[in-house]
Amino acid sequence: AKISSKQFDRNSKEASPQMFADTVEIYRTAGCPQIEEDKYSLQTEDPDQIKRLLAVFNNINDTCGIDGLHINGELILRPDDIPAKIKKVECEIILPTKGQRQFYTSYSSFFLSTPSLTKGELPDQFYITSQDYFHGSDELSPKSRRLQNLLKAIESLTVLSDFRDSQIESKPKLIFTNPADNKSLSITIGITEDLLEEALDKNYTLLHELAAIVGNEKLDSKQKILMFKSTLNEVTNSSQIDINEFLKGSSNLFEVYQKNLGIYLSEFSFEKTRTQLLEAQTKISGDLAKLVGDVTTRVLSIPVSFLTMSTTALEVFIWIIAAIVTSSILTELLDQYRRQVGRVEDAGNLILKNLLSKELDGPVAELSTVIGETVQNLSQDAAKLRRLLVIFILLSWVPALICVVVINIHHQELVVEQKSNSRLKRARQH
């Protein structure tokens with residue numbers, strides 16, 4: 001006799017995590033018997049086993065069918081018919097077959113029956129009867145640990161691929177297009193036990209790092225992904241390989257990729273450093289040119305009207321005071337420019353020496369000599385400009401000195417002329 005399938009519909013839904021754990025518990029309680037056509041026979045008189053069985057009985061009746069449940073020799077049709085005293089239990093347990101939480105005889109059957117593995121997705125629970133391994137509860141088995149490592153690599157590869165061809169669900173293909181010539185390479189994904197051995201102790205950190213930057217808009221991120229696809233096509237002699245071939249050649253692939261990336265980064269760093277150097281040289285030259293232009297403008301604006309003098313004592317006095325004040329102001333301005341030269345030099349040295357302090361290798365190392373020469377030239381130009389400003393400071397007092405000399409000469413001429421006029425006047429009076 002069978003309990004009504006309407007009451008115990010094992011195909012109604014996928015087992016919940018707790019239901020599946022209870023199902024495994026019952027199977028282990030029964031001593032892990034032989035499973036035939038997704039069911040096994042259970043017979044026990046052990047009080048502890050009976051207690052554990054009944055404790056989870058109501059939790060599994062949505063996902064497990066029960067054939068011929070006999071307690072103490074009596075057929076039980078409903079849970080309410082279970083007697084208070086139980087000496088013996090006999091029945092057949094039909095295992096859940098919906099979803100991915102299922103019993104599998106081996107890892108091979110698990111691989112064949114679980115398409116999600118080809119996407120890098122591992123079910124949260126499953127049970128391997130030949131290993132008595134309950135994934136999701138027991139400590140990870142060596143094979144499950146290798147499988148997780150392999151699935152993470154497949155997941156990263158899927159993210160890096162241009163698209164996934166799933167015409168054959170059990171063996172989908174990941175398509176990678178070479179950006180250089182638009183040729184495509186396909187990697188067929190199929191999980192086998194032999195593949196787990198190939199995945200043993202492999203390091204796929206590079207794949208995970210590249211997958212993590214997919215979608216990043218930064219230029220260097222896009223270039224790294226394009227370079228990986230280009231390198232993959234470079235090291236593969238065929239337009240179609242399987243995941244096993246990829247794993248075998250992964251060490252060489254990663255090595256060639258790192259070399260290609262190193263060359264790219266070296267060239268990129270060269271261009272970037274050269275651009276920074278040219279910008280620094282332009283900025284420093286512009287600052288110095290502006291400084292020289294301002295100084296020249298100030299010096300050339302020295303009043304030339306000092307040479308046009310009035311003859312009254314008051315105007316003479318005013319021009320002398322004006323010349324001294326003008327020279328003092330101009331001296332202070334030029335001294336400020338002299339200090340500004342120092343600031344421009346310090347800023348230039350900071351930019352240039354920062355470039356020089358970087359670890360430069362490859363083509364970039366050639367710029368270190370140019371940067372050193374630029375630093376030296378900057379110091380020389382700054383020293384020359386300081387000397388020029390000192391000369392300008394001295395020259396700023398020349399108008400005042402000329403003014404004093406000219407006024408003094410003019411005054412002496414006036415005195416002589418006044419004396420001459422005075423004598424002439426006395427002579428006329430006599």
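Student: By the salt-bridge rule, to how many does the count come?

Tutor: This is a predicted model, in which local features need pLDDT of at least 70 and side-chain atom pairs count only at pLDDT 80 or more, while totals for chains, interfaces and linings use all residues. Residues are numbered from 1 along each chain as its sequence is written, and side-chain values use heavy atoms, with hydrogens and water left out. The rule asks for a side-chain nitrogen of Lys or Arg within 4 Å of a carboxyl oxygen of Asp or Glu. By this rule, the number of salt bridges is eight.

Student: Which residue forms a salt bridge with K88?

Tutor: Side chains of opposite charge can pair when their charged atoms come close. K88 is partly exposed, because its relative accessible area is 25% (under 20% is buried, over 50% exposed, and in between partly exposed, with a 1.4 Å probe and protein chains only). The closest N and O atoms of the bridge are 4.0 Å apart, and the partner of K88 is E90.

Student: How many residues apart are E193 and K143?

Tutor: The side chains of E193 and K143 meet in a salt bridge, 2.3 Å from N to O. The pair links distant parts of the chain, with E193 in helix α5 (residues 193–198) and K143 in helix α4. Helices here are DSSP runs of H or I with at least four residues, strands are runs of E with at least two, and both are numbered from the N terminus. In sequence, the separation of E193 and K143 is 50 residues.

Student: In the bridge of D162 with K229, is K229 buried or exposed?

Tutor: The closest N and O atoms of D162 and K229 are 2.7 Å apart. The bridge joins distant parts of the chain, as D162 is in the loop between α4 and β8 (163–165) and K229 is in helix α7, 67 residues apart. D162 has a relative accessible area of 37% and is therefore partly exposed. K229 is at 9% relative accessibility, so K229 counts as buried.

Student: Which residues are joined into one network by salt bridges that share partners?

Tutor: A network of this kind arises where salt bridges share partners. The residues joined in this one are R28, D132 and D138.

Student: How are the rings of F20 and F134 arranged: stacked, edge-to-face or tilted?

Tutor: The structure holds twelve aromatic pairs, where rings of Phe, Tyr and Trp (its six-membered ring) pair if their centres lie within 6.5 Å. Planes under 30 degrees apart count as stacked, over 60 as edge-to-face and the rest as tilted. The rings of F20 and F134 have centres 5.7 Å apart and planes at 55°, so the pair is tilted.

Student: Which parts of the chain does the pair of F20 and F134 tie together?

Tutor: The two residues are 114 residues apart in sequence. F20 is buried because its relative accessibility is 0%, and F134 is buried because its relative accessible area is 4%. The parts tied together are helix α1 (residues 17–29), which holds F20, and, for F134, strand β7 (residues 133–135).

Student: What is the distance between the ring centres of F228 and Y257?

Tutor: F228 and Y257 form an edge-to-face pair, with 75° between the planes. F228 lies in helix α7 (residues 219–235) and Y257 in helix α9 (residues 250–300), so the pair ties together parts that are 29 residues apart in sequence. From centre to centre, the distance between the rings of F228 and Y257 is 6.2 Å.

Student: Which side chain makes a polar contact with the side chain of S141?

Tutor: S141 is in the loop between β7 and α4 (142–160), and S141 counts as buried because its relative accessibility is 15%. A polar contact is a pair of N or O atoms within 3.5 Å; within protein, one must be able to donate a hydrogen and the other to accept it, and residues adjacent in sequence count only if both atoms are side-chain atoms. At 3.1 Å, the partner of S141 is S144.

Student: Which residues does T236 touch, not counting those up to four places away in sequence?

Tutor: T236 is in the loop between α7 and β11 (240–242), and T236 is buried because its relative accessibility is 15%. Contact means heavy atoms within 4.5 Å. With that limit, T236 touches L185 and I241.
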